[in-house]
Amino acid sequence: MRNPLSKTIVTIEPSGIRKFFDVVSEMKDAISLGVGEPDFDTPWHIRDEGIFSLEKGRTFYTSNAGLKELKIEIAAYLKRHYGLEYDFNHEILVTVGGSEGIDIAMRAMLDPGDEVLIPQPSYVSYLPCAVLANGTPVVIELKEENEFRLTKEELEAAITPKTKLLVLPFPNNPTGAIMERLDLEAIAEVVREHDLFVLSDEIYAALTYQEEHVSIASLPGMRERTIVINGFSKSHAMTGWRLGYACGPQIILEQMLKIHQFAIMCAPTASQYAAVEALRSGDEDVEQMREEYNGRRRYLLHRFREMGLQCFEPYGAFYIFPCIKEFGMTSEEFATRFLNEEKVAVVPGTAFGECGEGFLRISYAYSLNSLKEALDRLERFIAKLRNDR
């Protein structure tokens, strides 16, 4: 019988995040700090709008690019918060989560042999999406001493004549790192000089704790070179609604829309009506959740200092990336033992790239009570490891 599988797809590994989540779901009294999903319910007024849309029989397809009302609100939101201006009719596409936007942007932009620069540690989808789009991923290893920011020097060193696209994954999953305006200005200079394009994943843009997020698309000469990916999952606690959006130059968005038409048709209708309400009346909800996350972030940093666990201070998203190199184990070994011995699931740093070795991703999108119990177990676990040396 002929092999039914694509040679490309069999080379791609499953997500390293889900492995520990699947185990902990079957383990009694276990605590999972592994999944990047807000523990908040979607705010009631947003849910109510989704319910109302169903009650009114709004169960049909929307236009392929999304509801006009939603695209208008997205444009207003981006201008209000980040100073970005997009034509709702030609430069905004509503997608099934931010992940679809990443996928179809790469498929619309890449030809075989085009190189995609992917800073790591970073979200697990970038590299496989590049491969599936026939691009050639080139990893840039981010460093703890630089607070896991991408530097101008690191970018320049990775560029070749085949480089076409830079993925800019900030605020970052898994490290919580951010890029400030000065950092982005240096990166933008290199991008313009080498005639590159940028895929800026800003899904955590609303969750920063040091200063307001800056989009590279807002810098001079970068709007026409940048696809901005954003959505509602993280900022508005709407993961299950599966709704995101992509913004960028019309010439690129038209081709992304073509892929979206054939593969998806349109994003879920009820989710789109709920998202209109989220953007019109949800800023206060986002701020309340952000403040809660910030309290949890500070608590984890305090506990890590108390137990002598090395960790740089993250200023974005809802992840923290402690270093466990002192224990002489791989990240996978540490996470496996911690799960088996203390029933707490965290994600090995290597799930986000080989340069994540020696680190763990801990999500603080969980209640403070769960975090306290998990950190008590972590303190007990590392005390035992130190005593056994």
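**Note on the nonpolar cores, a surface patch and backbone details**

1. V10 sits in the segment before α1 (16-24). The model is a predicted one. V10 belongs to a nonpolar patch on the surface, together with L5, I9 and L132. The accessible area of these four residues together is about 360 Å².

2. The interior deserves attention next. In soluble globular proteins, nonpolar side chains tend to be buried together. The largest nonpolar core here has 41 residues. Which of them touch the most other members? They are L33, L300, F304, F334 and L378.

3. Several elements give two or more residues to this core. Two strands are on the list, β9 (319-320) and β12 (360-363). The helices are α10 (283-306), α11 (331-342) and α12 (368-387). Of the elements, α12 gives the most, with seven residues.

4. Where does this core lie relative to domain 1 and domain 2? Domain 1 covers 7-42 + 284-388, and domain 2 covers 58-281. Both give residues to the core, so it lies between them.

5. F334 is worth a look within this core. Leaving aside residues up to four places away in sequence, F334 touches I324, F327, M329 and L360. The other residues that F334 touches are L378, F381, I382 and L385. Of these, L378 is itself listed with F334 as touching the most other core members.

6. Another core lies apart from the largest one. This other core has 30 residues, including L70, I74, W241 and A274.

7. Now the backbone. Check the cis peptide bond that joins Q120 and P121, where omega is about 5°. P121 lies in the loop between β3 (115-120) and α5 (126-132).

8. F170 and P171 are also joined by a cis peptide bond, with omega about -10°. The loop that holds P171 runs between β5 (163-168) and α7 (181-193).

9. D195 is not a glycine, yet its phi is positive, at about 55°. D195 is placed in the loop between α7 and β6 (197-201).

10. R242 likewise has a positive phi without being glycine; the value is near 50°. R242 is found in the loop between β7 (226-231) and β8 (244-247). Is R242 buried, partly exposed or exposed? R242 has a relative accessible area of 32%, so R242 counts as partly exposed.

Key:
Residues are numbered from 1 along each chain as its sequence is written. This is a predicted model: local features need pLDDT of at least 70, side-chain atom pairs count only at pLDDT 80 or more; totals for chains, interfaces and linings use all residues. Side-chain values use heavy atoms; hydrogens and water are left out. A nonpolar core is a set of buried Ala, Val, Leu, Ile, Met, Phe, Trp, Tyr and Cys residues joined through side-chain atoms within 4.5 Å. Buried means under 20% relative accessible area, exposed over 50%, partly exposed in between (1.4 Å probe, protein chains only). Helices (H or I, at least four residues) and strands (E, at least two) are DSSP runs, numbered from the N terminus. Domain bounds come from an automatic or database domain assignment. Contact means heavy atoms within 4.5 Å. Patches are made of residues with over 30% relative accessible area and no salt bridge: like charges are joined within 9 Å, nonpolar side chains (Val, Leu, Ile, Met, Phe, Trp, Tyr) within 5 Å. Accessible areas come from the Shrake-Rupley method with a 1.4 Å probe; for residues, only the protein chains shown count as cover. A salt bridge is a side-chain nitrogen of Lys or Arg within 4 Å of a carboxyl oxygen of Asp or Glu.
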